[in-house]
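This report describes how the parts of a two-chain model fit together. The account begins with the core and moves outward from there.

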Amino acid sequence: MVDTVSYEDAQMAVSSIAQLASNVLVSVNTPMLGRGNVLNLDYDRANQLPADYDTDIESVWSNPNLFADGDDFSWETIQNNRNLYYQQQSSNQVLGQIDDTISKSVNVLTYHMNVGQTNTITTGSISMITQKQTISNLSSYTVPQAAGAKINLPTLPYCDLLFPNETCSDTSPITMNVRIVFFFFYIRL
Amino acid sequence: MSRSVSLGFLDSTGASRTLTNLQQLIEIIIPRDPSLTLPAMTFQNVSGQNTSSSGNNNRQFSLFYVNVTGPSALITLSASFEFKSNNPALGFAVIYRFDAIPILNSSMNMTDGGRVFCPAGKSNKYLIILILFFFFSLVVYFS
């Protein structure tokens, strides 16, 4: 693959994929932050009695306490909160999928990069810097900033630490990936 | 909104590499929200407090009130309280309570938590930051 695809092509593809992932992340966060409306269809689907309601004893529908607001068990409150509950479920799921997508993109990028190259991706919810270096450069190195996140690497025998029991020299290439992701992680108390 | 910072190492084939048994720590500095405006520090004499000082409503603690009503009940909020002691030999007891005034004395403990900070013995940085995370709580009092 590395022989037939140029770094520039890989970079362009990764940049578009990251932009897409970022847009998805922003959109799943929007209703939960109260910054946008939920699509009618989503709302309707969230409040449709599940097909397995009669057989699924663990169904969240059986526990109105999950959706009530304190003592407020009114139908509107339950519907609103049930909708949010499902939004949160999809948000957490999407978060995992995005992480997976970005990891795979970085993987491809690494494969095509040359030593000394730095790739920066800045989107609405993901900032990422990928840099290929030789191992000898890692000691007391300050990784370039991604959205203000600063990482200082101490002086360490990186060859022994990263490639134990393998051949490694000072000129072996190593890729660093700094990622900062803005997300809304929901924990139910 | 939460932010997560991660650092990964990948070898020439794109496979990720693990780093274990580090003799020295890798320093990761997570930036503050750039849109956050921090109020300036104000000087306050807290060592003169006693039970009979009417200026503080006869309480042994200096009270601070922070209203953290968020724009939406779903958004997780955190309050951070930063203070720096002028006298490193002095210890501080910090107590807090949500939605009510905290009271702590020999017979009553009406707080949601507390900590004692002793700047002396630490490095020469006495800046102490107390961060509280809370969900759906409206009001917090610090003492």
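## The nonpolar core

In this predicted model, the largest nonpolar core comprises 31 residues, and those with the most contacts inside it are A:Ala18, A:Ala21, A:Ile102, A:Ile126, A:Met128, A:Ala146 and A:Val178. The elements of chain A that supply two or more residues to this core are H1, H3, strand S2 (126–134), strand S3 (142–146), strand S4 (149–152), helix H4 (158–162) and S5.

A:Met128 illustrates how these elements come together: once its neighbours within four places in sequence are left aside, A:Met128 is in contact with A:Ala18, A:Ile121, A:Ala146, A:Asn177, A:Val178 and A:Arg179.

## Two helices of chain A

Helix H1 (residues 7–29) and helix H3 (residues 75–112), both of chain A, pack with their axes 10 Å apart and at an angle of about 170°. Because an angle over 145 degrees counts as roughly antiparallel, H1(A) and H3(A) are described as roughly antiparallel to each other.

On the H1(A) side the contact includes A:Tyr7, A:Val14, A:Ala18, A:Ala21 and A:Asn29, while the residues met in H3(A) include A:Ser90, A:Val94, A:Ile102, A:Leu109 and A:His112. By class, the contact of H1(A) with H3(A) is made up of 14 nonpolar and seven polar residues, with no charged ones.

## A sheet shared by both chains

Five strands, in the order S1(A)-S2(A)-S5(A)-S1(B)-S2(B), form an open sheet whose pairing is antiparallel. Its edge strands, each of which pairs on one side only, are strand S1 (118–122) of chain A and strand S2 (16–17) of chain B. H1(A) packs on this sheet and touches S1, S2 and S5 of chain A, its direction making about 150° with that of S2(A).

S1(A) and S2(A) form a hairpin with three residues between them, and these antiparallel strands are joined by five bridges. Within this pair, A:Thr118 stands opposite A:Gln131 in S2(A), and A:Thr122 stands opposite A:Ser127 in S2(A). The covered face of S1(A) has A:Asn119 and A:Ile121, whereas A:Thr118, A:Thr120 and A:Thr122 belong to the uncovered face.

## Where the chains meet

The sheet passes from one chain to the other where strand S5 (residues 173–183) of chain A and S1(B) run antiparallel, joined by nine bridges. Here A:Val178, which is among the core residues with the most contacts, stands opposite B:Leu7 in S1(B).

Over the whole interface, 31 residues of chain B are in contact with 35 residues of chain A. On the side of chain B that touches chain A, the elements giving two or more residues are strand S1 (2–10) and strand S3 (27–29) of chain B, and S1(B) gives the most, with nine residues. The residues on that side of chain B divide into 17 nonpolar, ten polar and four charged.

## An exposed loop residue

A:Asp69 lies in the loop between helix H2 (40–46) and H3 of chain A. With 12 C-beta neighbours inside 10 Å, A:Asp69 is classed as exposed, because the cut-off for that class is 12 or fewer.

Not counting residues up to four places away in sequence, A:Asp69 touches A:Thr77 and A:Asn81. A:Asp69 and A:Asn81 are twelve residues apart along the chain, and their C-alpha atoms are separated by 8.1 Å.

Note on methods: Residues numbered from 1 in each chain as written. Chains lettered and ligands numbered in written order. Predicted model: local features only at pLDDT ≥ 70, side-chain atom pairs only at ≥ 80, totals over all residues. Contact = placed C-beta atoms within 7 Å. Helix = DSSP H or I, 4+ residues; strand = E, 2+ residues; numbered from the N terminus. Nonpolar A, V, L, I, M, F, W, Y, C, P; charged D, E, K, R; others polar. Pairing = 2+ DSSP bridges. Axes fitted to C-alpha atoms, helices over the stretch in contact; angles between N-to-C directions. Parallel < 35°, antiparallel > 145°, perpendicular 65-115°, else oblique. Core = buried A, V, L, I, M, F, W, Y, C linked by C-beta atoms within 7 Å. Buried ≥ 20, exposed ≤ 12 C-beta atoms within 10 Å, placed from the backbone.
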